[in-house]
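User: Please examine the model shown below. I should like each answer to be reasoned from the coordinates and to close on the item requested.

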Amino acid sequence: MSLDILRDTQARRQDVGFSTSVRPGVSASGRRMMGWGLAAVFGLSGCAAARAPVQQQVDQTPQVAALNPQPAQTVHNAAKIAPPAVSPWVAPVVPATARQAVEDAYDAVKKRRWSDLDRLAPLAQADPVLGQYPRYWALQHRLQDRTLPVPNDAVRQFLHDNPDAYLNERIRSNWILASVRAEDYTGALRIQPPPDPWSSVQCALLMAQHMTGKPAHAAAVLDTFKPNSDCWSMLDQVAADHVLSRKELNGMLRDTLEIGRASDITRLASVVFDDAAMVQFAVLMKDPQKWLSGRQKPKPGAETELFTIALSRLARSDDRIQAAQRIQDQWAHAVPKADMQWVWGQFGLVAALNVEPDAARWYRKSGFVPMTDYNHAWQVRAELRASPIQWDRVAAAIRKMGSAQAAEPVWRYWYGRALAAQGNRQAAQQYFQSITDDLGFYGQLANEELGHTPQLPPQPAPLDSGWVAQAQANPGLQRAVALFDLGWRREAVPEWNFALRGMSDPQLRGAAEFARSEQIYDRVVNTSLQTRQVHDFSQRFIAPFEGRVAEKAREINLDPAWVYGLIRQESRFITDARSHVGASGLMQLMPATARYVARKIGLKDFSLSQVNDFDTNTVLGTRYMDMVLQRLGGSELLATAGYNAGPGRPKRWKSQLQAPVEGAIFAETIPFTETRLYVKNVMSNSVWYAMLFSGKPASLKARLGTVSPLDGTQTARP
């Protein structure tokens with residue numbers, strides 16, 4: 001597998017928030033310690049909406065005075081809701097000894113001192129906000145330890161004591177999993193599942209139904225399965241019971257070969273093939289060319305599938321073009337036509353991810369064979385990057401998609417462009433019009449295609465303080481804030497998100513303002529993004545820090561809107577954010593980059609301990625943005641990609657262009673999923689910030705510009 005494909009596979013998380021797997025710290029006073037979180041201990045992800053676009057606070061400096069749109073734009077909610085009558089909020093009294101017991105229990109879980117929890121849980125009960133957490137951690141441990149009996153009575157008591165809390169839902173989920181693992185299928189089906197269960201819980205429930213006389217259907221298995229231990233157990237059982245056809249199992253394996261991890265590929269292959277075929281599978285995965293040498297036309301069944309997989313793996317060889325020719329000359333007629341078309345789709349995918357010009361040609365040989373959504377998307381991107389663009393082929397590639405994928409704003413936009421290029425302007429406008437309410441990258445572009453002057457959405461009517469008071473009195477939000485104060489972000493974020501369920505627009509705006517008052521900036525945006533009838537940009541595009549970011553940008557003639565747009569994507573304005581790869585602070589600087597920039601600008605006595613300092617981080621970050629911008633010809637589009645992936649990569653992607661392309665095409669065809677989403681979000685953010693700061697229309701198309709081919713000169717990232 002090429003390095004580009006590996007990186008793209010690792011980055012395939014399709015959210016629109018952080019550019020990396022950031023574990024944000026906390027920025028309010030008293031939240032300086034980074035919480036490790038207990039998700040790793042319990043095997044829980046914990047952060048359901050952790051990567052949605054970022055937060056914003058009204059900046060009162062002159063350059064953001066236009067955050068308040070003109071009075072004529074002000075609108076009221078379509079259905080007015082009277083603000084609640086809420087008594088002034090009084091913070092609950094938390095005994096110091098009880099809160100200390102909670103903190104000691106947290107430390108005990110991190111160190112796996114499970115016996116300490118039984119001692120600390122009763123002491124923590126006196127904490128009216130977080131007192132149930134030690135008891136919850138102890139119960140979670142018992143549910144997840146397969147050597148222990150399922151503590152049914154203790155779980156029932158906990159659920160009775162915490163009827164409406166987030167922890168209730170987590171315990172129920174793990175109770176279902178523990179019951180199925182203990183083969184108490186009837187008991188598992190008696191437990192009320194949460195509204196939106198994890199895939200592991202869905203698989204466990206499907207397994208329980210299957211084992212209690214309600215055989216699973218193949219469609220349910222295919223829709224539910226994800227590569228985790230509970231789903232593997234379910235798949236093993238239903239495969240042994242012949243619920244899935246050979247064709248369906250082969251399809252699962254092919255999809256996993258395309259985008260899965262090596263361990264998942266091997267695990268699924270063991271379900272598909274018998275022992276003898278697995279020996280052959282292991283050999284061909286190691287060296288497909290050697291395995292194919294001397295082989296004749298395969299027999300139908302497992303041998304044909306192995307042969308097809310071996311041909312597809314040649315796409316990942318260094319001599320891809322020569323391998324394709326060998327297939328054409330020697331083996332193209334050895335397997336059924338549909339299987340060969342799938343092979344060519346794999347060649348197209350690998351070439352597209354390596355931005356090679358042959359990608360579209362190989363994709364065109366794939367016919368209408370079903371592919372994953374991921375591969376369908378890359379066929380469209382390959383056609384967009386072809387020179388000259390054949391818009392009829394772009395349209396045809398989009399028509400191959402399923403209805404749900406084709407309805408996404410990205411593909412509705414490009415289908416509209418394809419129709420317009422073919423002269424069907426009326427139909428094109430209908431496609432553009434269908435996504436004009438989308439406030440993201442493609443909604444902005446669609447509005448420009450229709451000739452609409454870019455403008456901010458109407459500013460909603462001022463929020464009554466009663467809604468903020470209601471949020472402050474919400475027990476779930478109180479728990480979340482207490483967890484944020486302790487630096488336990490992995491526990492705090494899901495508590496906050498759970499508390500938002502079912503809230504009306506005014507309630508959500510009130511909760512966002514509560515988050516603003518606590519300086520929990522990522523929750524300001526993520527909460528405001530959930531409103532349905534109003535779009536409060538003073539929350540969604542918060543601009544905190546009293547103009548200090550803009551000041552650092554202006555010192556070196558950077559556009560403050562671009563800087564804010566990038567920070568919003570990088571850290572959500574959390575000053576001590578830290579990614580899994582070690583990037584730190586507001587502008588997510590890697591240690592080597594921070595040292596390089598500090599040395600270049602003559603920052604004396606610099607140490608990495610200063611990276612999370614606001615002034616140091618913004619100085620180094622904006623200077624690095626400027627360095628990358630200058631190296632990439634002044635293009636904010638390329639510099640944004642370079643900031644995320646290193647400045648050498650945009651240069652290489654440019655060097656592989658066959659002709660100039662519009663910036664939107666370059667952005668959409670970036671081969672790293674993380675970087676592609678990052679660039680589109682940063683550029684979209686920047687346009688909104690530009691209009692907020694200036695009060696004037698701003699064009700995304702103009703900001704994206706045009707990208708022209710470049711020679712293959714490499715630029716090393718510091």
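**Packing, cores and ring contacts**

User: Against which elements do the buried residues of α24 pack?

Analyst: This is a predicted model, in which local features need pLDDT of at least 70 and side-chain atom pairs count only at pLDDT 80 or more, whereas totals for chains, interfaces and linings use all residues. Residues are numbered from 1 along each chain as its sequence is written, and side-chain values use heavy atoms, with hydrogens and water left out. Helices are DSSP runs of H or I with at least four residues, strands are runs of E with at least two, and both are numbered from the N terminus. With contact meaning heavy atoms within 4.5 Å, the buried residues of α24 pack against α23 (409–421) and α25 (441–449).

User: Which residues are exposed on the other side of α24?

Analyst: Buried means under 20% relative accessible area, exposed over 50% and partly exposed in between (1.4 Å probe, protein chains only). In helix α24 (residues 425–433), A427, A428 and F432 are buried. Because these residues cover an arc of only 145° around the axis (taken from the directions from the helix axis to the C-beta atoms), they lie on the same side of α24. On the other side of α24, the exposed residues are Q426 and Q430.

User: How many residues 24 or more positions apart are reflected in the contacts, as a percentage of those with a separation of 6 or more?

Analyst: The protein chain has 40 helices and four strands. Of its 718 residues, 58% count as buried. Among contacts in the chain with a separation of 6 or more, the share from residues 24 or more positions apart is 68%.

User: Which helix gives the largest share of the largest nonpolar core?

Analyst: A nonpolar core is a set of buried Ala, Val, Leu, Ile, Met, Phe, Trp, Tyr and Cys residues joined through side-chain atoms within 4.5 Å. The largest has 216 residues, and those touching the most other members are L235, F273, F281, L311, F347, W414 and W496. The largest share of this core, 11 residues, comes from helix α39 (residues 673–694).

User: Where in the chain is the disulfide, and which helices hold C203 and C231?

Analyst: A search of the whole structure finds one disulfide, a term for cysteine sulfur atoms within 2.5 Å. The sulfur atoms of C203 and C231 are 2.0 Å apart, and the link is right-handed, with 90° about the S-S bond. Both cysteines count as buried because C203 has 0% relative accessibility and C231 has a relative accessible area of 0%. The pair links distant parts of the chain, 28 residues apart, in helices α9 (residues 199–211) for C203 and α11 (residues 229–240) for C231.

User: What is the geometry of the ring pair of W291 and F307?

Analyst: Rings of Phe, Tyr and Trp (its six-membered ring) pair if their centres lie within 6.5 Å; planes under 30 degrees apart count as stacked, over 60 as edge-to-face and the rest as tilted. By this rule there are 34 aromatic pairs. W291 and F307 are both buried. Their ring centres are 6.3 Å apart and their planes stand at 65°, so the pair is edge-to-face.

User: Is N617 buried or exposed?

Analyst: N617 lies in helix α35 (residues 614–631). Leaving aside neighbours within four places in sequence, N617 is in contact with residues including S584, L589 and V611. Because its relative accessible area is 1%, N617 is buried.
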